[in-house]
Amino acid sequence: MNVLKVPARTIAVFVLPCLLLYTCMVFVPILVSVYCGLLDWNGIAEAKFVGLANFERIFTADSVFWPSVKRTMMFAVFSMLEIPFCLLLAILLNRYVRKANTLVTMYFLPVILSVVIIGQLWKTIYNPASMGGMLNGILLAIGLGSWTRSWLTEPQIAMYALYFVSLWQYFGYHLLIQFTGVQNIPNELYEAAKIDGAEGFKADRYITLPLIVPIFKISIVLAFIGSLQSFDLIWVMTGGGPAHATDTVSTYMYNMSFLSMKYGYGSALASILVVICLSFTIVINFVFKRIENKVS
């Protein structure tokens, strides 16, 4: 069989435009952000070069940054916890439900809704019972009035209320990814395993789980990186309050850049966020590469 060899120059001609566009849209803004992080600048007046002073202040003297990092990491961890449940549900739907595609589509509906709509919807649900809040109203109706809370204004529980909304919103997204991966596994493998006496969850252990690892990794990476950049839902529901209790790195960066007019400081925060995202992406890919090597 003859294999057509494409000259390297031809490949470069087709790749170069995309590479240039990607460089202009991704790498150049990152470099500009890093440079701006070295400035004392409000975004309007003349900038003053201060070197690493912004980064030093962030790591040593900023009382909001480290708690926001902790909340961001917690957001990422919570977002990944639902993925194993999505995989289990995908396996069950594929095996026992006839028209599983319709059910998966229903689970996916929250994903296509605007974040603003979702935020306003859940703000209404979390409202106090006196303001028509559905959650507190239900708790009162079933005799659990002591469980009622001001869900978005109590610093100790506001972030957990946001975690739940995020899990609800993206459950169908990860379920669709896992369900598609499970469906793409050839039935011949399960039939051969059945002949050898392996079926049900035993077959899943030796067939489904090893073959679904690349798809599982995609969900983990998307969930983790998406959570590290979480901004829109938090901004709509709490704006980072009360008293920075729900600030993540993204919302804190926005606050410093556009509300406090500390553009250089906000750029330094943005640069740190990029490094965090890149670092964890590399770690996750490394871990899953080892897992894939073991199961292959």
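# A walk through the model, starting at Leu228

Select Leu228 to begin. Setting aside neighbours within four places in sequence, Leu228 is in contact with Thr72, Met73, Ala76, Ser250, Leu273, Ile276, Cys277 and Phe280. Show those side chains too, and keep in mind as you go that this is a predicted model.

**Out to the core**

Leu228 belongs to the largest nonpolar core, a set of 39 residues. Colour Ile58, Phe65, Tyr252 and Leu269 along with Leu228: these five have the most contacts inside that core. Which helices supply at least two residues each? Pick out helix 2 (53–60), helix 3, helix 4 (100–112), helix 7 (158–183), helix 9, helix 11 and helix 12. As background, nonpolar side chains in soluble globular proteins tend to be buried together.

Now look for another core, lying apart from that one, with 17 residues. Phe75, Met159, Val165 and Ile234 are among them.

**Zoom out for a moment**

Switch to a cartoon view of the whole chain. You should be able to find twelve helices and two strands. Trace the elements from the N terminus and the order is α-β-β-α-α-α-α-α-α-α-α-α-α-α. The C-alpha atoms fill a box of roughly 70 × 70 × 30 Å along the principal axes.

How much of the protein is buried? Of its 296 residues, 36% count that way. If you turn on the surface, you're looking at about 17,800 Å² of accessible area, with 69% of it belonging to carbon and sulfur atoms. There's also plenty of reaching across the sequence: among contacts between residues at least 6 apart, 67% join residues at least 24 apart.

**Helix 11 and its neighbours**

Next, select residues 249–259, which make up helix 11. Its buried residues are Val249, Ser250, Thr251, Tyr252, Asn255, Met256 and Ser257. What do they pack against? Turn on helix 3 (65–96), helix 9 (201–228), helix 10 (232–237) and helix 12 (263–295), and you have the answer. Step just past the end of helix 11 and you reach Met261, which takes a positive phi of about 60°.

From here, hop to Ser230, in the loop between helix 9 and helix 10. Is Ser230 buried or exposed? Its relative accessibility is 10%, so it counts as buried. Leaving out neighbours within four places in sequence, Ser230 is in contact with Phe75, Thr248, Ser250 and Thr251.

**Two more small buried stops**

Phe75 leads you on to Ser166, as those two residues touch. Ser166 sits in helix 7 and is buried, at 10% relative accessible area. Leu233 is also touched by Ser166, once residues up to four places away are left out of the count.

Leu233 then takes you to Gly119, because Gly119 touches Leu233 as well as Val236 and Met237, again not counting residues up to four places away. Gly119 is in helix 5 (residues 115–126), and with a relative accessible area of 0% it is buried. Try the distance tool on Gly119 and Leu162: their C-alpha atoms are 9.4 Å apart in space, while the two residues are 43 apart in sequence.

**The salt bridge**

Time for some charge. Side chains of opposite charge can pair when their charged atoms come close. How many salt bridges turn up here? The count comes to one. Select Arg95 and Asp204 to see it, with the closest N and O atoms 2.5 Å apart. Arg95 is in helix 3 and Asp204 in helix 9, so the pair ties together parts that are 109 residues apart in sequence. The two partners have their own settings: Arg95 is partly exposed, at 30% relative accessible area, whereas Asp204 is buried, at 4%.

**Finish at helix 1**

Move to the start of the chain and show Val6, Ile11, Val13, Phe14, Val15, Leu16, Leu19 and Leu20 as a surface. Together they form a nonpolar patch with about 770 Å² of accessible area. Leu19, one of this group, is found in helix 1 (residues 8–36). With 46% relative accessibility, Leu19 counts as partly exposed.

Last, the cysteines. How many disulfides does a search of the whole structure find? Zero. Cys18 is in none, and the nearest cysteine sulfur, that of Cys24, is 12 Å away. Cys18 counts as exposed, at 55% relative accessibility. Cys36 is in no disulfide either, and its nearest cysteine sulfur is again that of Cys24, 17 Å away. Unlike Cys18, which is exposed, Cys36 is buried, with a relative accessible area of 8%.

Terms used. Residues numbered from 1 in each chain as written. Predicted model: local features only at pLDDT ≥ 70, side-chain atom pairs only at ≥ 80, totals over all residues. Heavy atoms only, no water. Patch = residues over 30% accessible without salt bridge, like charges linked within 9 Å, V, L, I, M, F, W, Y side chains within 5 Å. Areas by Shrake-Rupley, 256 points an atom, 1.4 Å probe, with all protein chains shown as cover. Salt bridge = Lys/Arg side-chain N within 4 Å of Asp/Glu carboxyl O. Helix = DSSP H or I, 4+ residues; strand = E, 2+ residues; numbered from the N terminus. Buried < 20%, exposed > 50% of the residue type's maximum accessible area, 1.4 Å probe, protein only. Contact = heavy atoms within 4.5 Å. Disulfide = S-S within 2.5 Å. Core = buried A, V, L, I, M, F, W, Y, C linked by side-chain atoms within 4.5 Å.
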